[in-house]
Amino acid sequence: MKRTFVSTLATLAFAAALPAHAATAFKAEVTGKGPAVILIPGLASSGEVWKGTTEHLCGPRQCHVLTLAGFAGQPAMDGPLLATAEKEIAEYIETNKLGKPVIIGHSLGGFLGMKLAADHPDKVGKLVIVDSLPALAATQLPTITREQMAQVAASTRDRLLSQDDAAYAAGLQRTATSMVSSPADIERVVGWGRISDRKAVANAMYEMTADDMRQDIARISAPTLVLGAYAGYKQFAPLPAIEAVYRGQYAQLKGVQIAIAENARHFIMFDDPAWMYDRVDQFLK
C-alpha cells in the first residue's frame, strides 16, 4: 500500500488577530475567538484546505491555520522544514499564550502534529491526525530499518528533483487524482502543487519518509483521534486489511481512537466532510 502524502488545501482568508510572529517555517492566519485550534496542512498544501473545517469549528473556537514554508506559494526556507516547524509551532503556542490547543493535521501536517505532541506534551491538548501514519515507508514492509527508510526517502527525493517540468507536472496530476474524488478538488490540489517550491516539497517528503515515529508516539499524552481513508484502496485490499495497517502503526499510542472513512480518499475534508466533522465534534466534546 504505497502512499505519497501530497496534501493540499481549499479557500479561506483570515484576519490576523494575534501578535505577528517571526517564524520562517510557516505563516498563520487566525479567525474566531475561544479555545485555540491549530490546523496544519499537508505536503505542498495551502491552509485553504481547511476552509470547510474552520467554518464548521470556528466561532466558539479560535482557529490558527498554517501554511508551511515553500508550499502553495509561501517562500521556502533554509534548513529542515519539519524540525524547524515543530520548534516554531511550540514557540508560537508559548508566545501567543494559547495554552494547550487542539492540533489538527492532515498528511504531513498530521505527522508534524505527532512530533509536536511527542516532543512537547505540555503544548498539546488534543490531537487529530487526518490520514497520516507514524512510519510511511513501513506500510508495505513493517520490518524496514531506519537505514532502509532513509534510502527509500532519498530515492523519492532525488527522483522528484531530477524530473523535467513536464514529468513533474504529470506526477502532480496523477497523485492528486489518486487522493481526491472531485475534478474541481483535484485541480485545486494540483494548483497548490504547481506553485509550491519543488525542492522544499522533495526535502520535506524526505524528512517524513526517512523518519519512524512508531515507538516515539508512546510519549504522546494528548488524547488522539486518527482518521484514515479507504476509498483509494478498495480495488487493492479489503477494509480490515487497511484498518490493520493503521492499528499496527499506532500500536504504541495508548488510548488512540481510529476511524476509517470508507467513502473518502486521502483528502477526507473534501471527499466526506460530514463524516469527518462528526468524528471531530464527538472527539472534542
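**Warm-up**

The charged end of R157 sits over the ring of Y206, 4.5 Å from its centre. Keep in mind as you work that this is a predicted model.

**Exercise 1. Find the ring over which the charged end of K126 sits, and give the distance from its centre.**

Solution.
- Step 1: Start at K126 and look for the ring beneath its charged end; the ring belongs to F283.
- Step 2: Read off the distance to the centre of the F283 ring, which is 5.1 Å.
- Step 3: Check the distance cut-off: the lysine NZ has to be within 6 Å of the ring centre.

**Exercise 2. Describe the aromatic pairs that the structure holds.**

Solution.
- Step 1: Count them: there are two aromatic pairs.
- Step 2: Take F26 and Y92, whose ring centres are 5.7 Å apart, with 85 degrees between the planes. Planes over 60 degrees apart count as edge-to-face, and that is the label for F26 and Y92.
- Step 3: Place this pair in the fold. F26 belongs to strand β1 (residues 26-31) and Y92 to helix α2 (residues 81-95), so the pair links parts that are 66 residues apart in sequence.
- Step 4: Look at the surroundings: both F26 and Y92 are buried.
- Step 5: Turn to F267 and F270, with 5.6 Å centre to centre and 15 degrees between the planes. Planes under 30 degrees apart count as stacked, and this pair is stacked.
- Step 6: Check burial here too. F267 has a relative accessible area of 0% and is buried; F270, at 14%, also counts as buried.

**Exercise 3. Decide whether S178 is buried, partly exposed or exposed.**

Solution.
- Step 1: Locate S178 in helix α5 (residues 165-179).
- Step 2: Take its relative accessibility, 40%.
- Step 3: Compare with the limits: buried means under 20%, exposed means over 50%, and partly exposed lies in between. S178 therefore counts as partly exposed.
- Step 4: For an extra look, find A231, 53 residues away along the chain from S178; the C-alpha atoms of the two are separated by 9.6 Å.

**Exercise 4. Say what is notable about phi in A44 and S107, and where these residues lie.**

Solution.
- Step 1: Recall the background: most residues other than glycine have a negative phi.
- Step 2: Take A44, which is not a glycine yet has a positive phi of about 60 degrees. A44 is in the loop between β2 (36-40) and α1 (51-57), and it is buried at 2% relative accessible area.
- Step 3: Do likewise for S107, where phi is positive and near 60 degrees. S107 lies in the loop between β4 (102-106) and α3 (108-119), and its relative accessible area of 0% makes it buried.

**Exercise 5. Work out whether the radius of gyration agrees with that of a compact globule.**

Solution.
- Step 1: Note the chain length of 285 residues, for which a compact globule would have a radius near 19 Å.
- Step 2: Set beside this the value for the protein, 17 Å, which agrees.
- Step 3: Add the outline: the C-alpha atoms fill a box of roughly 45 × 40 × 35 Å along the principal axes.
- Step 4: Look inside: the protein has 10 helices and seven strands, and buried residues make up 57% of the 285.
- Step 5: Ask how far to trust the model. The mean pLDDT is 92, and 92% of residues reach 70 or more. Over residues 1-22, however, the pLDDT is below 50, although this stretch has 95 contacts in the model beyond near neighbours in sequence.

Terms used:
Residues are numbered from 1 along each chain as its sequence is written. This is a predicted model: local features need pLDDT of at least 70, side-chain atom pairs count only at pLDDT 80 or more; totals for chains, interfaces and linings use all residues. Side-chain values use heavy atoms; hydrogens and water are left out. Rings of Phe, Tyr and Trp (its six-membered ring) pair if their centres lie within 6.5 Å; planes under 30 degrees apart count as stacked, over 60 as edge-to-face and the rest as tilted. Helices (H or I, at least four residues) and strands (E, at least two) are DSSP runs, numbered from the N terminus. Buried means under 20% relative accessible area, exposed over 50%, partly exposed in between (1.4 Å probe, protein chains only). A charge sits over a ring if NZ of Lys or CZ of Arg is within 6 Å of the ring centre and within 35 degrees of the ring normal. The radius of gyration is taken over C-alpha atoms; the globule rule is 2.2 Å times the number of residues to the power 0.38. pLDDT is the predictor's confidence in each residue, from 0 to 100. Contact means heavy atoms within 4.5 Å.
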